[in-house]
Amino acid sequence: VPVQAVCPYCGSLIITVTSFVPGTLSWLLCTTLFVFGCVLGCCLLPFCIRTVMDVKHSCPVCRRELYHYSRL
Ligand SMILES: [Zn+2]
């Protein structure tokens, strides 16, 4: 969820911009599905599921990454 914060880099009061990036958990799921014999492409499924993705909060003003939320 986007949160209100003061950016430590540019000092602006901002609402963080969230984006989803594939994290460790995505890779683990991918590997697991691959091991269990899923057909080609199926192992890429975790990358489409947001709940297993890491969340990156960044500043809309200076674009710097403020916080990285990892699922693990
Ligand atoms: Zn900033």
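Donors, as the word is used here, are N, O and S atoms within 2.8 Å of the metal. With that settled, the tour may begin at the metal site of this predicted model.

**Stop 1: the zinc ion**

Select the zinc ion together with Cys7, Cys10, Cys59 and Cys62; the SG atoms of these four residues coordinate the metal at 2.2 to 2.3 Å. Along the chain, the donors of the zinc ion are spaced as C-x2-C-x48-C-x2-C. The angles among the four donor atoms run from 103 to 116°, and the site is tetrahedral.

Now colour two of these cysteines by accessibility. Is Cys59 buried or exposed? Cys59 counts as buried because its relative accessibility is 1%, and the cut-off for that class is under 20%. Cys62, by contrast, has a relative accessible area of 28% and is therefore partly exposed.

**Stop 2: the loop at Gly11**

Select Gly11, which is found in the loop between strand E1 (4-6) and strand E2 (13-15). Its relative accessibility is 53%, so Gly11 counts as exposed. Next, add Val61 to the selection and draw a distance between the two C-alpha atoms: the separation is 9.7 Å, although Gly11 and Val61 are 50 residues apart along the chain.

**Stop 3: strand E4 and its partners**

Select residues 53-58, which make up strand E4. How many of the six residues of this strand are buried? Five are, and E4 is accordingly described as mostly covered.

Extend the selection to residues 17-22, strand E3, which runs antiparallel to E4 and is joined to it by six bridges. Within this pairing, look for Ser19, which stands opposite Lys56 of E4.

Then add residues 65-69, strand E5; four bridges join this strand to E4, and the two run antiparallel. Here Val55 has Tyr69 of E5 as its bridge partner. E4 and E5 form a hairpin with six residues between them. In the turn, select Arg63, whose phi is positive, at about 70°.

As a general point for viewing such a strand, side chains in a regular strand alternate between the two faces of the sheet.

**Stop 4: Ser58**

Remain in strand E4 and select Ser58. With a relative accessible area of 11%, Ser58 is buried. Which residues does Ser58 contact, leaving aside its neighbours within four places in sequence? They are Thr16, Val17, Arg63, Arg64, Glu65 and Leu66. One of these contacts, Arg63, is the turn residue with positive phi visited at the previous stop.

**Stop 5: the whole chain**

Clear the selection and show the chain as a cartoon. One helix and five strands are present, and their order along the sequence is β-β-β-α-β-β. Of the 72 residues, 22% count as buried. The chain exposes about 5,000 Å², of which carbon and sulfur atoms supply 66%. Among contacts between residues at least 6 apart in sequence, 49% join residues at least 24 apart.

Finally, colour by pLDDT. The average over the chain is 81, and 76% of the residues score at least 70. Among the elements, E2 has the highest mean pLDDT, 95, whereas helix H1 (residues 24-35) has the lowest, 78.

Terms used
Residues numbered from 1 in each chain as written. Predicted model: local features only at pLDDT ≥ 70, side-chain atom pairs only at ≥ 80, totals over all residues. Heavy atoms only, no water. Donors = N, O, S within 2.8 Å, 3.2 Å for Na, K, Ca; no water. Tetrahedral: all angles 85-135°; square planar, octahedral: opposite > 155°, others 65-115°. Buried < 20%, exposed > 50% of the residue type's maximum accessible area, 1.4 Å probe, protein only. Pairing = 2+ DSSP bridges. pLDDT = per-residue confidence, 0-100. Contact = heavy atoms within 4.5 Å. Areas by Shrake-Rupley, 256 points an atom, 1.4 Å probe, with all protein chains shown as cover.
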